[in-house]
Amino acid sequence: MTMRHNLTLHTMLERARRYFPHKEIVSRTGSGILRYTYADYYDRTRKLAAALTKLGVRRGDRVGTIAWNHHRHLEAYFAVPCMGASLHTINLRLPPDHLAYVINHAGDRVLLVDPDLVPLVEAVKEQLETVEHYIIMADGPLPETKLSPVYSYEELLSAAPDDYRFPEDIDEWAEAGMCFSSATTGLPKGVTYAHRAIYLHSMMVCMADTVGIGEKDVVMPVVPMFHVNAWGMPFAATWMGSKQVLPGPRPDPHTLCKLMQDEKVTLAAGVPTVWMGVLQAMEQERYDLSSITRVACGGSAAPRALIEAYEQKLGVPFLHAYGMTEAAPVTHVSRLKSTLEDAPADERYAKKSKQGLLAPGLDMLVLKEDGTEVAWDGREMGEVVLRGPWIADSYYNDERSRATFREGWYYTGDVATVDPDGYMQIVDRMKDLVKSGGEWISSVDLENAIMAHPKVAEAAVVAVYHPKWQERPLACVVPKQGAELTAEEIKEFLKGRVADWWIPDEVIFISEVPKTSVGKFNKKVLREKYWNHLAPEQEPAD
């Protein structure tokens with residue numbers, strides 16, 4: 001029998017203090033670059049916990065953050081859960097009604113807000129039901145604001161005692177954090193994370209065959225810290241004593257490139273649209289990214305052409321991953337097995353473009369509509385169903401849980417195939433599949449094929465109504481700047497890359513693909529706009 005030992009964030013924070021006090025945290029703020037050590041970080045984290053305690057925050061209370069990726073946000077990542085409260089990282093790109101909803105639904109008592117984001121909170125202040133204190137995370141004087149009572153983050157820390165000690169009796173099943181899914185339909189859904197879940201998820205992403213975060217890494221989460229805890233990277237990086245680089249407010253691709261170059265970043269993580277932007281920045285101005293040992297990409301499927309561009313043109317290894325809010329979030333990582341490293345390039349990139357192998361510690365089923373499992377042949381499609389120690393078992397106070405969490409499993413709504421080597425590939429969201437003449441077309445596969453065209457910057461494929469075939473795919477394409485491109489070029493390019501009957505009957509050109517609050521393609525907007533786009537006279541031939 002082994003010892004009963006709680007798996008809590010406090011033990012992770014103490015490891016960073018004890019073993020890596022001189023390692024550096026680099027934070028890009030509104031007034032420049034700030035550098036300090038884990039020893040400094042630990043002291044400020046305790047002071048924040050002391051300040052929140054003085055404001056009346058108690059165990060089980062929720063503290064919300066509306067902030068960019070910077071050192072103060074990182075301080076809240078550990079101060080709040082280690083004092084026994086719960087950190088609710090709020091998506092700053094939510095529309096006002098959703099912003100008010102998630103704050104009220106979570107019951108946040110305190111909000112930590114960046115100064116440039118104060119107007120977002122002021123716009124919904126009258127709708128907020130539970131917030132008692134507003135803390136502005138400013139470098140200098142507070143901005144003029146209608147929020148009340150309002151405090152300066154730095155003044156609170158300056159006045160806080162130096163002798164605060166984190167409680168050591170927090171249970172591993174206590175809530176440490178909360179995130180809401182970004183909803184394209186309906187209201188966002190809340191997910192809570194226990195200390196135990198974050199601890200085990202962090203341990204998993206430090207494994208060599210997943211993300212492999214270690215002490216030697218210089219970690220830069222481009223993915224927002226409000227988006228599923230920056231994929232858990234701040235927790236894991238702090239635990240391991242990695243140098244952290246936080247890109248601050250509104251970083252553009254050139255800012256990201258310069259930070260990666262100057263700080264010798266080894267691991268950066270973001271959604272595909274981020275890496276598309278960085279690739280274009282690299283085409284405009286050369287940066288030295290030789291320190292990068294891998295970029296992690298998730299949130300939506302990364303086009304194979306993007307993966308090849310990073311590895312072949314830039315010499316930057318590309319790590320494709322998959323996860324979701326309900327899974328804290330990482331569940332799959334696409335690393336090549338040793339038996340595949342010497343395979344032909346086409347086979348290697350076919351594997352790398354898949355979402356990859358299931359992370360150790362989780363169970364997965366891929367189920368057909370009749371509830372039976374798909375064959376692992378890379379062709380049969382089914383819904384991905386998951387369970388494990390960092391998978392949610394319900395939504396917070398939400399009746400929608402009944403449809404999603406059933407008999408101990410989480411039904412993701414993602415449709416996938418699994419090949420004989422065990423590599424999962426997301427075919428589509430169930431709602432994004434195109435059902436043409438009774439047969440399914442993967443919008444993701446079509447998008448990736450289109451984005452392999454050298455003149456294409458972005459592409460989204462949506463189902464549009466057709467009186468004969470029920471639905472047909474419509475390709476919405478963003479050409480690269482200065483490129484001349486025709487619909488016929490796109491259709492010709494697709495021949496031989498996808499089935500002939502998958503080829504869209506029409507290609508339209510747009511200036512930008514609409515994005516969700518976390519940078520994913522927002523196909524709902526395109527579906528609503530173009531659903532009746534194909535007139536009867538535009539029917540495809542038999």
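These legends walk through several close-up views of a predicted model.

**View 1. The whole protein, before we zoom in.**
Let's begin with the full chain, which folds into 17 helices and 26 strands. Its radius of gyration is 24 Å, close to the 24 Å that the globule rule gives for 542 residues, so the protein is as compact as a globular protein of that length. Along the principal axes, the C-alpha trace spans about 75 × 55 × 55 Å. How many of the 542 residues count as buried? The share is 59%. The accessible surface comes to about 22800 Å², and carbon and sulfur atoms make up 49% of that surface. Distant parts of the sequence meet in this fold: among contacts between residues at least 6 apart in sequence, 68% join residues at least 24 apart.

**View 2. The largest nonpolar core and its best-connected members.**
Here is a helpful idea to keep in mind: in soluble globular proteins, nonpolar side chains tend to be buried together. In this model, the largest nonpolar core has 95 residues. Which of them touch the most other members? They are Tyr41, Leu52, Phe78, Ile135, Ile213 and Trp390. Helix H2 (residues 38-54) gives this core its largest share, eight residues. Another core lies apart from it, with 64 residues, including Ala268, Phe318, Val462 and Phe521.

**View 3. Phenylalanine 78 and the residues around it.**
Now zoom in on one of those well-connected residues. Leaving out residues up to four places away in sequence, Phe78 touches Leu9, Met12, Leu13 and Tyr41, and also Thr45, Pro234, Phe235 and Thr238.

**View 4. Helix H13 and what covers it.**
Helix H13 runs over residues 345-352, and its buried residues are Tyr349, Lys351 and Lys352. Why do these residues count as being on the same side of H13? They cover an arc of only 155 degrees around the axis, which puts them there together. Their cover includes helix H12 (304-314), strand S14 (318-323) and strand S15 (330-334). Alanine 350 also sits in H13, and this residue is partly exposed, with a relative accessible area of 28%. To get a feeling for distance, compare alanine 350 with proline 21: they are 329 residues apart in sequence, and their C-alpha atoms are 43 Å apart in space.

**View 5. Helix H16, with a buried side and an exposed side.**
In helix H16 (residues 487-494), Ile490, Lys491, Phe493 and Leu494 are buried. These four cover an arc of only 160 degrees around the axis, which puts them on the same side of H16. On the other side of H16, are Glu488 and Glu492 buried or exposed? Both Glu488 and Glu492 are exposed. The buried residues of H16 pack against helix H15 (443-450), strand S24 (456-466) and strand S26 (506-509). After H16 comes glycine 496, which has a positive phi near 85 degrees.

**View 6. A region named in the UniProt record.**
An unreviewed UniProt entry carries the annotation "domain: AMP-binding enzyme C-terminal" for residues 446-520. Over residues 446-520, the chain is 17% helix and 33% strand. The end C-alpha atoms of this stretch are 16 Å apart.

**View 7. Two cis peptide bonds before prolines.**
Most residues other than glycine have a negative phi, and most peptide bonds are trans. Against that background, the bond from serine 148 to proline 149 is cis, with omega near -10 degrees. Where is proline 149 found? Look in the loop between strand S6 (133-136) and strand S7 (150-152). A cis peptide bond also joins alanine 328 and proline 329, with omega about 0 degrees. Proline 329 sits in the loop between S14 and S15.

**View 8. Positive phi at asparagine 229 and lysine 264.**
Asparagine 229 is not a glycine, yet its phi is positive, near 55 degrees. This residue is in helix H8 (residues 228-231). Is asparagine 229 buried or exposed? With a relative accessible area of 5%, asparagine 229 is buried; the cut-off for buried is under 20%. Lysine 264 is another residue other than glycine with a positive phi, of about 55 degrees. You can find lysine 264 in the loop between helix H10 (253-262) and strand S12 (267-270).

Definitions and conventions
Residues numbered from 1 in each chain as written. Predicted model: local features only at pLDDT ≥ 70, side-chain atom pairs only at ≥ 80, totals over all residues. Heavy atoms only, no water. Buried < 20%, exposed > 50% of the residue type's maximum accessible area, 1.4 Å probe, protein only. Arc of directions from axis to C-beta. Contact = heavy atoms within 4.5 Å. Core = buried A, V, L, I, M, F, W, Y, C linked by side-chain atoms within 4.5 Å. UniProt positions renumbered as here; feature names shortened; annotations may be inferred. Rg over C-alpha atoms; globule rule 2.2 N^0.38 Å. Areas by Shrake-Rupley, 256 points an atom, 1.4 Å probe, with all protein chains shown as cover.
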